[in-house]
Amino acid sequence: MNNARWENWTNLTLGILLFLAPTFFKNNNLTSEVAARAGWNAWIVGAIIAVSAGMALRNLKPWEEWTNLVLGAWVVLSPWIFGYSTEGGPLWYSLILGAVVATLSAISIPIAQKLQYQK
């Protein structure tokens, strides 16, 4: 058991929510091309966040937290990269979800490093 459990459970849940986001994107005013790019991004990044958080729940390592920190930042930037920064719902979904993933990962990095050096 590790000391960053709640952060990783939260990131696991957020990764799943991001994976489910394409359904939300399709129901917005996005063009089919933008929705497709945003959808593929959400599926891939959401899956990686969920898997990384799940691995961290089993045995916390710094690389898992760094991975989710970078992916959280990527999710925050995604609306501008994929062209949906003018769509309120998807924009805020990405900003909030990405910021929370990145923040929780940043909180967990020192804990993971400390546990790594204790072994």
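Which helix does Asn11 lie in? Asn11 lies in helix α1, and that is a good place to start our tour this morning. A word of caution, everyone: what you have on the screen is a predicted model.

Let me set the scene before we return to that asparagine. The protein has 4 helices and 0 strands, and reading along the sequence gives you α-α-α-α. There are 119 residues, of which 45% count as buried. Take the contacts between residues at least 6 apart in sequence: 72% of them join residues at least 24 apart.

Now, two of the helices. Two packed helices are described by the angle between their axes and the distance between the axes. Here the pair is α2, residues 32-58, and α3, residues 62-82, with axes that come within 9 Å and cross at roughly 165°. With angles over 145 degrees counted as roughly antiparallel, that makes α2 roughly antiparallel to α3. The crossing of these two, α2 and α3, is left-handed. If you'd like to find the contact on your own screens, look on α2 for residues including Val34, Arg37, Asn41, Val45, Ile48 and Ile49, and on α3 for residues including Trp63, Glu64, Asn68, Leu71, Trp74 and Val75. Sorted by class, the α2 contact with α3 contains 12 nonpolar, 5 polar and 3 charged residues.

On to the interior. In soluble globular proteins, nonpolar side chains tend to be buried together. In this model, the largest nonpolar core has 10 residues: Leu14, Leu18, Ala21, Ala42, Val45, Ile49, Leu71, Val75, Leu97 and Val101. Two or more of those residues come from each of α1 (5-26), α2, α3 and α4 (88-118).

Let's look at Leu18, one of the core residues. Leu18 is found in helix α1, and because its relative accessibility is 3%, it counts as buried. Setting aside neighbours within four places in sequence, Leu18 is in contact with Ala42, Val45, Gly46, Ile49, Val75, Tyr93 and Leu97. Its C-alpha atom is separated by 9.1 Å from that of Ala50, 32 residues apart along the chain.

Staying on α1, we have Gly15. Is Gly15 buried or exposed? Its relative accessibility is 0%, so Gly15 counts as buried. Beyond its neighbours within four places in sequence, Gly15 is in contact with Gly46, Ile49 and Ala50. Gly15 and Ala53 sit 38 residues apart along the chain, with 8.3 Å separating their C-alpha atoms.

And now back to Asn11, as promised. Asn11 is buried, because its relative accessible area is 0%. Leaving out residues up to four places away in sequence, Asn11 touches Ile49, Ala53, Asn68, Val100, Val101, Leu104 and Ser105.

Did you catch the other asparagine in there? Asn68 has its place in helix α3, and at 1% relative accessibility Asn68 also counts as buried. With the same sequence neighbours left out, Asn68 touches Asn11, Ile48, Ile49, Ser52, Ala53, Val101, Ala102 and Ser105.

Finally, Val101 takes us back to the largest nonpolar core. Not counting residues up to four places away in sequence, Val101 touches Asn11, Leu14, Ile49, Asn68 and Gly72. If you have a minute afterwards, do bring up Val101 with Asn11 and Asn68, both of which it touches. Thanks, everyone!

Definitions and conventions:
Residues numbered from 1 in each chain as written. Predicted model: local features only at pLDDT ≥ 70, side-chain atom pairs only at ≥ 80, totals over all residues. Heavy atoms only, no water. Axes fitted to C-alpha atoms, helices over the stretch in contact; angles between N-to-C directions. Parallel < 35°, antiparallel > 145°, perpendicular 65-115°, else oblique. Left-handed = near helix turned anticlockwise from the far one by under 90°. Contact = heavy atoms within 4.5 Å. Nonpolar A, V, L, I, M, F, W, Y, C, P; charged D, E, K, R; others polar. Core = buried A, V, L, I, M, F, W, Y, C linked by side-chain atoms within 4.5 Å. Buried < 20%, exposed > 50% of the residue type's maximum accessible area, 1.4 Å probe, protein only.
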